[in-house]
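Let's take a walk through this one, a chain at a time and then across the contact between them. Keep the viewer open as you read.

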Amino acid sequence: MSKFPVDLTCELMVQSLAAWRVAGAVARSRDGAIVICGARKDIRIDPAPSDPMFRWMVTIDGRKRRAISIVAVLRQVREALDPGYAANRVRVALTALVPY
Amino acid sequence: MPADVIPISILTGFLGSGKTTILGHLLRQSGLSRTAVIINEFGEVGLDHELVEASEDSFIQLKTGCLCCKIRTDLAQTLQDLLQRRDAGKCSAFDRIVIETSGLADPAPILQTLMTDTSIAGRLVLGGVVATVDTVTGAGTLQREDISQKQVAVADKIVLTKLDLSGPAQPALLRRLTELNAAAPVLSADRGKIDSQCLFNAGLYDPRGRSLDVNSWLAQDRHSHARHDADIQTYAVVRKQPIGAVTLTLFLETLAEHCGADLLRLKGIVNFAESPDRPAVIHGVQHVFHAPAWLKRWPSDDRSSRIVFITRRVPQRWVEVLLEAISAEVGDVSVAR
């Protein structure tokens with residue numbers, strides 16, 4: 001299992017809801033999971049059991065999905081809480097910031 | 001600078017804030033005599049171009065719509081045509097381009113066009129964004145008009161105008177400008193007159209010295225005055241530990257993915273873990289980012305990464321925690337290997 005600090009993930013979720021302007025509550029459960037309630041969804045985030053690929057398990061209304069990274073966790077949570085969410089994709093500029 | 005790489009500056013500001021008056025004075029200065037001008041007028045009858053004296057063959061009026069929303073492709077095409085005419089010797093051999101936006105234009109999409117259009121890639125380098133603010137009506141305009149806030153927020157320099165009518169700028173206006181963009185120096189124009197050298201060296205690259213003025217560009221020391229309950233916020237995230245390239249990539253991707261539209265501008269110098277002696281400069285407008293520009297050396301003894309954010313309601317703490325969390329996870333994966 002990952003040694004990743006779950007407290008940090010918990011704070012990231014609190015701050016993410018604020019950044020997304022999405023209503024919801026974030027808490028820690030007795031067994032250490034992160035629990036998010038909002039938009040009529042119940043979300044639970046656990047560090048995944050040892051797995052070479054997946055680091056997190058995200059359960060949304062009872063349905064479990066594995067997540068490869070904290071970035072993937074954020075995406076799953078956002079999609080669950082914010083139905084109008086449309087992700088932007090990074091574009092790399094073609095013009096130079098400074099002359100080559 | 002390679003001979004054919006031309007700095008392009010954007011002169012923005014709300015309707016009636018004095019952009020054309022300033023441009024008219026600037027073009028009479030010897031330092032800007034080799035300047036091509038593009039004026040975007042939005043309306044049935046454009047007048048601004050009548051008020052600016054410039055060489056006709058390198059002067060273009062774009063009046064088919066507002067640059068930021070309707071004619072971005074026209075802008076790219078216009079720039080391409082201008083460069084081709086210059087290359088063919090069919091117009092003055094200008095060494096700078098200034099775009100005066102319409103008073104209602106959002107400068108961010110214009111910056112994005114300049115950053116991403118294939119037809120002008122490699123020929124132009126961003127020379128910076130200058131925003132004019134009218135000291136007579138500016139405070140009210142900034143209160144009422146979201147677009148005027150955005151014009152100020154993304155600027156590298158702010159120029160106060162009409163001081164001859166208002167007297168010294170009101171402290172409330174100056175406070176508001178600091179709230180919106182603490183990083184940008186605030187200059188004054190005397191009846192439209194201002195030194196071109198003060199104004200259009202607003203970008204990262206200084207064509208005069210052929211050098212990169214990172215500290216001035218970031219203006220990081222000026223961010224402590226930002227008000228954090230405002231809609232538009234400026235803040236700096238400082239990190240003493242070097243940042244891994246993978247961490248920064250994931251961080252920028254996540255910022256763009258979740259808050260791209262509200263990430264008005266981002267500028268920074270980064271201490272990459274993989275390149276401790278050569279920092280990189282990063283720059284983004286909403287979800288469009290320049291590739292990092294690698295410096296030959298650190299500009300000062302301060303080797304911390306400093307990233308300046310100008311955002312619309314993107315909390316600083318979220319940005320800090322996001323970077324921390326991604327960094328921790330990348331570090332965790334590296335250790336596990």
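Before anything else, a word on strand pairing: two strands count as a pair if DSSP finds at least two bridges between them. Keep in mind, too, that this is a predicted model.

With that in hand, go to chain B and find strand S15, residues 305–312. Six bridges tie strand S11 (residues 263–270) of chain B to S15(B), and the two run antiparallel. To see the register, look for B:Arg265, which sits opposite B:Ile310 in S15(B). S15(B) has another antiparallel partner in strand S10 (residues 232–239) of chain B, with eight bridges between them. Here B:Arg239 has B:Ser305 of S15(B) as its bridge partner. How much of S15(B) is buried? Seven of its eight residues are, so to speak, under cover: the strand is mostly covered.

Now jump back towards the start of chain B, to strand S1 (residues 6–13), where eight of eight residues are buried. In a regular strand, side chains alternate between the two faces of the sheet. For S1(B), both faces turn out to be covered. On one side you'll find B:Ile6, B:Ile8, B:Ile10 and B:Thr12, and on the other B:Pro7, B:Ser9, B:Leu11 and B:Gly13, all of them buried. Its pairings are parallel ones: eight bridges join S1(B) to strand S5 (residues 124–134) of chain B, and four join S1(B) to strand S4 (residues 96–100) of chain B. For landmarks, B:Pro7 stands opposite B:Val125 in S5(B), while B:Leu11 has B:Glu100 in S4(B) as its bridge partner.

Helix H1 (residues 19–26) of chain B belongs in this part of the picture. Its buried residues are B:Lys19, B:Thr20, B:Ile22, B:Leu23 and B:Leu26. They lie on the same side of H1(B), because they cover an arc of only 160 degrees around the axis. What do those buried residues pack against? The list takes in S1, strand S2 (35–40), S4, S5, strand S6 (157–161) and helix H8 (196–199) of chain B.

On to chain A, which has two helices and six strands. In sequence order the pattern is α-β-β-β-β-β-α-β. The radius of gyration is 16 Å, well over the 13 Å that the globule rule gives for 100 residues, so chain A is more spread out than a compact globule. Its C-alpha atoms fill a box of roughly 55 × 30 × 20 Å along the principal axes. Buried residues come to 26% of the 100 residues in chain A. Of the contacts in chain A with a separation of 6 or more, 29% are between residues 24 or more positions apart.

Helix H2 (residues 70–81) of chain A has twelve residues and spans 16 Å from its first C-alpha to its last, close to the 16 Å expected at 1.5 Å a residue. Buried in H2(A) are A:Ile70, A:Val73, A:Leu74, A:Val77, A:Ala80 and A:Leu81. These cover an arc of only 130 degrees around the axis, which puts them on the same side of H2(A).

There's a backbone oddity to check as well, in the loop between strand S2 (34–38) and strand S3 (41–47) of chain A, where A:Ala39 is found. A:Ala39 has a positive phi of about 50 degrees although it is not a glycine. A:Arg40 is in the loop between S2 and S3 too, and its phi is near 60 degrees, again positive in a residue other than glycine. A:Ala39 counts as partly exposed, because it has 13 C-beta neighbours inside 10 Å. A:Arg40 is exposed, with 8 other C-beta atoms within 10 Å.

Finally, bring the chains together: 47 residues of chain B are in contact with 31 residues of chain A. On the chain B side, the elements giving two or more residues are helix H3 (107–116), S5, helix H10 (245–259), strand S12 (280–285), strand S13 (288–289) and helix H11 (316–336). H11(B) gives the most, with ten residues. By class, that side has 31 nonpolar, nine polar and seven charged residues. Strand pairing crosses between the chains as well: two bridges join strand S6 (residues 91–92) of chain A to S13(B), and the strands run parallel. There, A:Arg91 stands opposite B:Val288 in S13(B).

Conventions
Residues numbered from 1 in each chain as written. Chains lettered and ligands numbered in written order. Predicted model: local features only at pLDDT ≥ 70, side-chain atom pairs only at ≥ 80, totals over all residues. Expected span 1.5 Å × (residues − 1). Buried ≥ 20, exposed ≤ 12 C-beta atoms within 10 Å, placed from the backbone. Arc of directions from axis to C-beta. Rg over C-alpha atoms; globule rule 2.2 N^0.38 Å. Contact = placed C-beta atoms within 7 Å. Nonpolar A, V, L, I, M, F, W, Y, C, P; charged D, E, K, R; others polar.
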